[in-house]
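Me: Hi! Could you walk me through this model while I have it open? I'll ask as I go.

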Amino acid sequence: MEMEGRRREVVVSSLQFACSDDISTNVAAAERLVREAHAKGANIVLIQELFEGYYFCQAQREDFFKRAKPYKNHPTIAWMQKLAKELGVVIPVSFFEEANAAHYNSIAIIDADGTDLGIYRKSHIPDGPGYQEKFYFNPGDTGFKVFQTKFAKIGVGKIIDTLSCEAICWDQWFPEAARAMVLQGAEILFYPTAIGSEPQDQGLDSRDHWRRVMQGHAGANVVPLVASNRIGKEIIETEHGPSQITFYGTSFIAGPTGEIVAEADDKSEAVLVAQFDLEMIKSKRQSWGVFRDRRPDLYKVLLTMDGNL
């Protein structure tokens, strides 16, 4: 009877704001919104991808490599460690990582006591007009990772363990990544993002597609999902003249059937929050049977590029 009444409630938050190209201004904005999320009861707060500055990958410029910093003693990570410890919240921190001769689009997971739990390096690297990330980032070598975080349950003071995982932007288009993370025990999926208009085709609007794909990950894996995207217009000088992206925001939080439980618009700063009972969702995930009935012996074709074994 005791197990029937067990609850593991967590409040997650997604932030959305426009970035300047000044690190201190953006870190201050992120801190302000993290504090607002904490005031709303958030335990885990997701900040958007590469929030320290403009999304520089619109251009292929050698000087932009100066934006990268080593993971160890990274000033923004250190700042967020202090903030996480002060507020007792978990904060994933996206940054441009320099690792000797390599460079990665990375995220550090800061636990609620300020501990740095480690990093995930973005696995899937896009390369297209306005999103030329392959010029800057090596493919991530960490594999898909799940992090065990702790936080104080609001109003009770009990310490709860939560298994959460991070993927980054382009990773979200790959259902294999979401499934791999949940197979490793992830109870919540988090996707920090930078996505908006397409410089080569101003008539192309991917926002609904972007959201539906992630809603599918939540529903297919029976887990909540948190997505954070930036807003605002950013202009970057490229070798072919100025390139412009208008980021479409529409950050959201989805429940375990893919339902939208909180959402932002495409222009406004936002702090989204939603509460989930992870124990109840775990029970639903177990009873639904999608993991019981998996047939990995039939999935070898997924290890090929052309579908031929």
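Me: Let's start with the sheet that contains strand 1: what is the strand order, and is the pairing parallel, antiparallel or mixed?
Reply: Happy to help, and bear in mind that this is a predicted model. That sheet is open, with 3 strands in the order 2-1-16 and mixed pairing.

Me: Which strands are at its edges, and why is one side of each left without a neighbour?
Reply: The edges are strand 2 (44-46) and strand 16 (270-277). Each has a single partner strand, so one side of each has no neighbour in the sheet.

Me: And how much are neighbouring strands turned against each other there?
Reply: By 20° on average, direction ignored.

Me: How do strand 1 and strand 2 pair?
Reply: Strand 1, residues 9-16, pairs with strand 2 in the parallel sense over 3 bridges. If you want a spot to look at, Ser14 stands opposite Leu46 of strand 2.

Me: Nice. Which strands does helix 1 lie across?
Reply: Helix 1 lies across strand 1, strand 2 and strand 16, and it runs at about 150° to strand 1. Helix 5 (residues 278-288) also packs on this sheet, where it touches strand 1 and strand 16. The direction of helix 5 makes about 65° with that of strand 16.

Me: Switching sheets: what order do strands 3, 4 and 5 take?
Reply: They form an open sheet of 3 strands in the order 3-4-5, and the pairing is antiparallel. Strand 3 (91-99) and strand 5 (116-121) are the edge strands, each pairing on one side only. Neighbouring strands in this sheet are turned by 30° against each other on average, with direction ignored.

Me: How many bridges link strand 3 and strand 4?
Reply: There are 9 bridges between strand 3 and strand 4 (residues 102-110), in the antiparallel sense. Along that pairing, Val93 stands opposite Ala108 in strand 4.

Me: Which helix lies across those strands?
Reply: That's helix 2 (residues 75-87), which lies across strand 3, strand 4 and strand 5. Relative to strand 3, helix 2 runs at about 160°.

Me: Salt bridges next. Which residue does Glu86 pair with?
Reply: Glu86 forms a salt bridge with Arg35, and their closest N and O atoms are 2.9 Å apart. This pair links distant parts of the chain, since Glu86 is in helix 2 and Arg35 is in helix 1 (residues 23-39), 51 residues apart. The count for the model comes to 22 salt bridges.

Me: OK, what joins strand 12 to strand 13?
Reply: A hairpin does, through 2 residues. Strand 12 (residues 231-238) and strand 13 (residues 241-248) pair in the antiparallel sense over 8 bridges.

Me: Which residue in strand 13 is the bridge partner of Thr238?
Reply: Gly241. Elsewhere in the pairing, Ile235 stands opposite Gln244 in strand 13.

Me: Last topic: what is the volume of the largest pocket?
Reply: About 350 Å³. Its lining includes Glu176, Arg179, Arg294, Tyr299, Thr304 and Met305.

Me: And how many of the lining residues are nonpolar, polar or charged?
Reply: By class, the largest pocket is lined by 7 nonpolar, 1 polar and 3 charged residues.

Technical notes
Residues numbered from 1 in each chain as written. Predicted model: local features only at pLDDT ≥ 70, side-chain atom pairs only at ≥ 80, totals over all residues. Heavy atoms only, no water. Pairing = 2+ DSSP bridges. Helix = DSSP H or I, 4+ residues; strand = E, 2+ residues; numbered from the N terminus. Axes fitted to C-alpha atoms, helices over the stretch in contact; angles between N-to-C directions. Contact = heavy atoms within 4.5 Å. 1 Å grid on protein atoms, 1.4 Å probe; cavity = no way out; pocket = protein on both sides within 12 Å on 5 of 7 lines; lining within 4 Å. Points joined across faces, edges and corners; volume = space filled by probe spheres on them. Nonpolar A, V, L, I, M, F, W, Y, C, P; charged D, E, K, R; others polar. Salt bridge = Lys/Arg side-chain N within 4 Å of Asp/Glu carboxyl O.
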